[in-house]
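Reader: I am new to this structure and would like a close look at a single part of it. Could you take me through one helix, and then show me what surrounds that helix?

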Amino acid sequence: MRRTAGTLWISVFLGLALSGCGAVSHEATMLGNFVPDPGSRVEVGTVTNATGQAPKVDDEVVNIEQLLSDALAEKLRREDLLWAGNPSRKLVLVTKIVEYEPGDAFKRWLLPGWGSTVVSVESELRDANQLVGTVRARRTVSFGGVYTIGAWRTIFASVADDVVSELRAKIRK
Amino acid sequence: MIAVLLAGCATAWRDSGSFYRSALTALAVESTPDGARVFLSNRYLGDTPVSTALECEQEMRKKTREVTYWETQPGLSLFLSVISLGLYVPFSLIPVDIETSQEPTGAFKSNEFTLRVEADGHKAWTTTIVCGPQPAVSLRAVLEKL
C-alpha cells in the first residue's frame, strides 16, 4: 500500500516536471455595440515587437513577430476564421507583443518560476480600419523539465490559440 | 495564512519600458442651426447631430518585479510543497517568477483633431479637439450668420 502511494506521488511529480505548466489569462472586448457579422473572417495584420528588446536564444536574435504571425494564421485557419480573399466580411487583427522572456528550461527544472518563459500580446480587431475590439492574452511556462526546452518558440502557438479562441467565441459561424 | 506570508517575498518594481495602446474617445457634435456639415481633420463626417469615435494612442508604462511562486501559482506551490514533503518550502521563498504591471502614463500621441462645422449662409466654425483620458467629448457649434 505504502509502495503504491509512493509510486503514485513520484509519477505525479515526474509527470508535472516533464510536461510543464504555467499561468494563462486572456480576454476579449468588443467596443461599443459592435457585433461581428456571422461568418466574418480575420486577416492577420501587422505584428510588432513592443517589448523594446530584440530577444536572443542561443545568441541568435529571434524574429518573434514572424513566429506569432505564423502561429495566428495557423490557428485562424484551423478555426476556419482565416480570411483568404473570399467575399466574406474581413476584420483585421493588428497585434503587439508587449512582453517576451525566452526563459530557460534548465532553471525551471531547478526551481519552479525561475527561468519562466513569458509572452504577453495585445491585439486590436479592426473593421475598415476602425477599432472594433481588443484581445489581450498572457502565457507563462514556469515549471517543468525536458518537454519545456522549446517553450521559447511553442509559447507563441499557445498564446495564438488563446487569442483565436477568444475570437471564435465572438464571431459566430 | 502561510501562503500569504510566503507570497510576501518580492523584489522592488523596476521600469520595463513603455508602449502605446489605442484608446477611443466618443465625440458628439451638435450645432445651431441643425443639419450643418461636419468635417473631422478635413474628412466629411456627416450632418449634425453626429457622433463618432476618435482614436488616439495612450502610452502605457510597464513595470516588472520578481515574486515567489506562491504569488503567481499558489495552488501549484502548495502541491509542490506537499509532494516534496516540505523540501520545496525554503526554496519557494526565493523571488524568481516574473510579475508585470501596466499603467497609463497620462501621455497620448496622435490625439489632435481639427473639427470644422459649416452651414450655408453661416461662417465656418472650427476648433481643435485634444483627446485625453476623458471617455467622451460633446460639442455644440453655434454658427454666426454671414
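Author: At 1.5 Å a residue, the 15 residues of H2(A) should span 21 Å, and because the end C-alpha atoms are 21 Å apart, the model agrees with that expectation; the expected span is 1.5 Å times one less than the number of residues in the helix. Helices (H or I, at least four residues) and strands (E, at least two) are DSSP runs, numbered from the N terminus. This is a predicted model, in which local features need pLDDT of at least 70 and side-chain atom pairs count only at pLDDT 80 or more, while totals for chains, interfaces and linings use all residues. Residues are numbered from 1 along each chain as its sequence is written, chains are lettered from A and ligands numbered from 1 in the order in which they are written, and side-chain values use heavy atoms, with hydrogens and water left out.

Among the buried residues of H2(A) are A:Ile64, A:Leu67, A:Leu68, A:Ala71, A:Leu72 and A:Leu76, and A:Ser69 and A:Lys75 are buried as well; buried means under 20% relative accessible area, exposed over 50%, and partly exposed in between (1.4 Å probe, protein chains only). The cover over these buried residues includes E2, E5, E6 and H4 of chain A. After the helix comes A:Asp80, whose phi is positive, near 60 degrees.

A:Leu72 shows the surroundings of the helix in detail: leaving aside residues up to four places away in sequence, A:Leu72 touches A:Val44, A:Val47, A:Leu93, A:Thr95, A:Ala160, A:Val163 and A:Val164, where contact means heavy atoms within 4.5 Å. A:Leu68 and A:Leu72 are also among the residues that touch the most other members of the largest nonpolar core, which has 38 residues; such a core is a set of buried Ala, Val, Leu, Ile, Met, Phe, Trp, Tyr and Cys residues joined through side-chain atoms within 4.5 Å. Helix H2 (64–78), strand E2 (41–49) and strand E5 (90–101) of chain A are among the elements that each supply at least two residues of this core, and H4(A) gives the most, with nine residues.

Two of the strands that cover the helix are also joined by charged side chains, since A:Lys90 and A:Glu43 meet in a salt bridge (3.3 Å, N to O), that is, a side-chain nitrogen of Lys or Arg within 4 Å of a carboxyl oxygen of Asp or Glu. A:Lys90 lies in strand E5 and A:Glu43 in strand E2 of chain A, so the pair ties together parts that are 47 residues apart in sequence.
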